[in-house]
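Hi everyone, thanks for coming. I'd like to walk you through a structure that is probably new to you, so let's put it up on the screen.

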Amino acid sequence: MSSPERTWKTIESGPHPYEEALHPVVRKNYGKWKYHEIPKPGVLKHVAESGDAIYTVRAGTQRQDTVDTVRTLCDIADKYTDGYLRFTVRNNVEFITPNEENVEPMISELESLGFPVGGTGMCVSSVAHTQGWLHCDIPATDASGVVKSMMDAVYNEFKDMRMPNKVRLSTSCCSINCGGQADIAVVVKHTRPPRINHEHLSQICELPKAVARCPVAAIRPTVVNGQKSLMVDEAKCICCGACFGACPAMEINHPEHSKFAIWVGGKNSNARSKPSTMSIVAHNLPNNPPRWPEVTDVIGRILGAYKEGGRPWERVGEWINRIGWKRFFDETGLVFDEDMIDSYRHARTTFNQSAHVRF
Amino acid sequence: MEGANEGALKGACHCEGCGSGGNGEGKFLNPTPMLDQLECGPWPSFITGFKELAQRTEKPMLRGVLDQLEYSYNTRMGYWKGGLVTVDGYGAGIITRYSMIKDKFPEAAEFHTMRIQPAPGLHYNTKMLRELCDIWEKYGSGIITLHGQTGDIMLQGIEQDKVQECFDELNKKGWDLGGAGAGMRTGVSCIGPGRCDNACYDNLKLHLKALKHFVGQVHRPEWNYKLKFKFSGCPNDCTNAIMRSDLAVIGTWRDAIQVDRDEVRAWVDEKGVEALVNNVINHCPTKAISLRDSEMEIEARDCVRCMHCINVMPKALSPGRERGISLLMGGKNTLKVGVNMGSMIVPFMKMESDEDIGEFLDLIEEIIDWWDDNGLDHERIGETIERVGLKQFIEGAGLETDINMVSRPRDNPYFKAKY
């Protein structure tokens, strides 16, 4: 949109500069931090080579915030941390101050405003998640609602540090999984091939792009009522929904048949074991708004078993590697089935190519 | 879970105060009984926030969006479709959303998102944030996601005819749009040297310089598909760079871990030898640590820089002095060939001076040129490498072969050698 009376010439500056956003004590000791401690859940203490110490108070947020929420967080920062704050990659807000005496009043005020203080160390941190029904154009569910329901259930695990190691959760509202790899992830699984609206398809879709998008070559050109269209070989289709992104006339979402799956053992950190991808441990869970109790139940079982059986510093995937998948299913009460055997490219790398067996 | 909210676990909501946003008769909002259930429980509720904002500002768009969301909760389907909206001179940065059911909810007919690039490390001062909020409240819905999965501030909910004016005001305050489509995307960095004792390079500076360098490609997408940078200060990879970015820049070091022997002794005195054996030595992935005369010994040659022992003993151990970055490439999620971690492309590069940064950016340019020549439409760089071959990529980008690029040499005997 160009407006004739526009007088401002855009400055293509890229990211906002960061120096003015750093607390003066942070700026002074930039790159010269010596060590850190976690004095209590939700609080970090970092000590610099200069001897300066700063305290961070970390709190959970709803992520889908409003200007009012952000202004409230700014009020806290103005009052206790000289007007500086930051966010973490997992949507927590952090207030950094050199004044230790500000820590407790800040915690009280954040908690009284409904922002739980925690998210540090061996805890269940906030959930990385996607946009869902609120804003995405290809969602089968509402990630924000699932996350809210899940975090209500594990609220105390956010505020405490009683897990064997960090637990990262993520939630995704379609199979593309923008939520990412996590220790425990909730990801939608479509269970039926796309339903094609031939009338719209020929008008709104670039046919070759939709054909090229399919990972298993299940989409083919066809003619319907004299118009060029597409067909899906339903035997080949793996119900990934990739075509829907290219061509909205291939509707994959379904109120009943888009289900939930739970995945575990993903990790990005290099600590101890190499980064790992997730494995499926439950699926066919209903998309059941507004509280998705079936999903929360499975998450609770996995967290409970991990908390009970994990050794210090073992992430979920490392715990499973030690005890084996058989015991994982035994201890969580989940059931391994044939659909959990990989049937896609490089599947054999996930088969047991050894005589190692657990009885 | 112990201590879990009973109602939340069962999925039912019987708390008092549900729907206390006041959307009863005669109020601004229409009833939203499904969404009201998300106001139960102790975790902060986005629905409560939306309702309070709607009641205060009486913006019709907010009422429409809540109504449409309630409808989605009832019908279990989403109702947004894309389109094309940009600002002058840009081809990306606005995510367009039109309602498919605007006859039902005309107030939510348009609900576009402006992606805004935050400062590296997601640092703010309250002046910056308050300016952002004021402009956003003036032109948009007032809903903000902090932050999107690609690192943007997502200003959600604006109509097309207000986009340019809103952007101009934001731009006057130093904000710029992030990417979308087949171009460079907004970068992400961890807190780095701003606070972390493990930061191995100035990732905030590199983030800023790299994204400024590619600013044209952020705003005018021209590649095969998206390309994302993430900058983690150390191998703990708090930005999830390896999986969530095509260009994962991860801090590392080349010499030995620094050991403060007094602090090691203090740690053992406090926690015991058992803790040292079970929590540090036994977890070392390459068995580089052993106990010798009751002292901890690290064999530097065996260390793979995983960070575990440093994480457990942050006061006693720290990364070496000769620091820099590793570049891993090709990480991406599911669409379309499946999940891939980035793979090691450059095991070590110094990242101290502006010349180092210049060399780094030259290398990235080379890599993108190769991808431009070899990639297919809608193909991420990791997929191109998988299809064409790592060997071909190394040659194309002018890199040197390094044993660190692989877990092991090939096991497939069918190959053609140069001799």
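Let me start with a question: with which residue does B:Arg387 form a salt bridge? The partner is B:Glu379, and the closest N and O atoms are 2.8 Å apart. By salt bridge I mean a side-chain nitrogen of Lys or Arg within 4 Å of a carboxyl oxygen of Asp or Glu. B:Arg387 counts as partly exposed at 42% relative accessibility, while B:Glu379 counts as buried at 8%. For those words, buried is under 20% relative accessible area, exposed is over 50%, and partly exposed is in between, with a 1.4 Å probe and protein chains only.

Quick housekeeping. This is a predicted model, where local features need pLDDT of at least 70 and side-chain atom pairs count only at pLDDT 80 or more, while totals for chains, interfaces and linings use all residues. Residues are numbered from 1 along each chain as its sequence is written, chains are lettered from A and ligands numbered from 1 in the order in which they are written, and side-chain values use heavy atoms, with hydrogens and water left out.

Now, chain B as a whole. Chain B has 15 helices and 16 strands; these are DSSP runs numbered from the N terminus, helices being H or I with at least four residues and strands E with at least two. The C-alpha atoms of chain B fill a box of roughly 80 × 55 × 45 Å along the principal axes. Of the 419 residues in chain B, 60% are buried.

Let's look inside chain B, at strand 10. That strand covers residues 247-253, and 7 of its 7 residues are buried, so the rest of the structure largely encloses it. In a regular strand, side chains alternate between the two faces of the sheet. Here B:Leu247, B:Val249, B:Gly251 and B:Trp253 take one side, B:Ala248, B:Ile250 and B:Thr252 take the other, and both faces are covered. What about its neighbours? Two strands pair if DSSP finds at least two bridges between them. Strand 9 of chain B, residues 229-232, runs parallel to strand 10 with 4 bridges, and B:Phe231 stands opposite B:Val249 there. Strand 15 of chain B, residues 323-329, runs antiparallel to strand 10 with 7 bridges, and there B:Gly251 stands opposite B:Ile325.

Over to chain A. Which residues does A:Met150 touch, leaving out those up to four places away in sequence? They are A:Val127, A:Leu169, A:Thr171, A:Val186, A:Thr296 and A:Ile299, where contact means heavy atoms within 4.5 Å. A:Met150 sits in helix 4 of chain A, residues 143-153, and counts as buried because its relative accessibility is 1%. Two of those contacts, A:Leu169 and A:Thr171, point one way from strand 8 of chain A, residues 169-172. A:Ser170 and A:Ser172 point the other way, and all four are buried. Strand 8 of chain A pairs in the parallel sense with strand 9, residues 184-190, over 4 bridges, and in strand 9 the bridge partner of A:Thr171 is A:Val186.

One more stop in chain A: A:Glu94 and A:Arg58 form a salt bridge, with the closest N and O atoms 2.7 Å apart. A:Glu94 is in strand 6 of chain A and A:Arg58 in strand 3, so the pair ties together parts that are 36 residues apart in sequence.

Finally, where the chains meet. The contact takes 128 residues from chain B and 132 from chain A. About 11,200 Å² is buried between the two chains, with carbon and sulfur atoms giving 57%; that is the accessible area, with a 1.4 Å probe, that two parts lose on being put together, summed over both. Across this interface there are 12 salt bridges. One of them joins the side chains of B:Arg97 and A:Asp137, at 3.4 Å from N to O.

Strands cross over too: strand 5 of chain A, residues 84-87, and strand 5 of chain B, residues 123-125, run antiparallel and share 3 bridges. A:Tyr84 stands opposite B:Asn125 there. In helix 5 of chain B we find B:Thr126, buried at 7% relative accessibility. B:Thr126 is in contact with A:Cys74, A:Ala77, A:Asp78, A:Gly83 and A:Leu85, leaving aside neighbours within four places in sequence.

That's my tour, thanks for listening.
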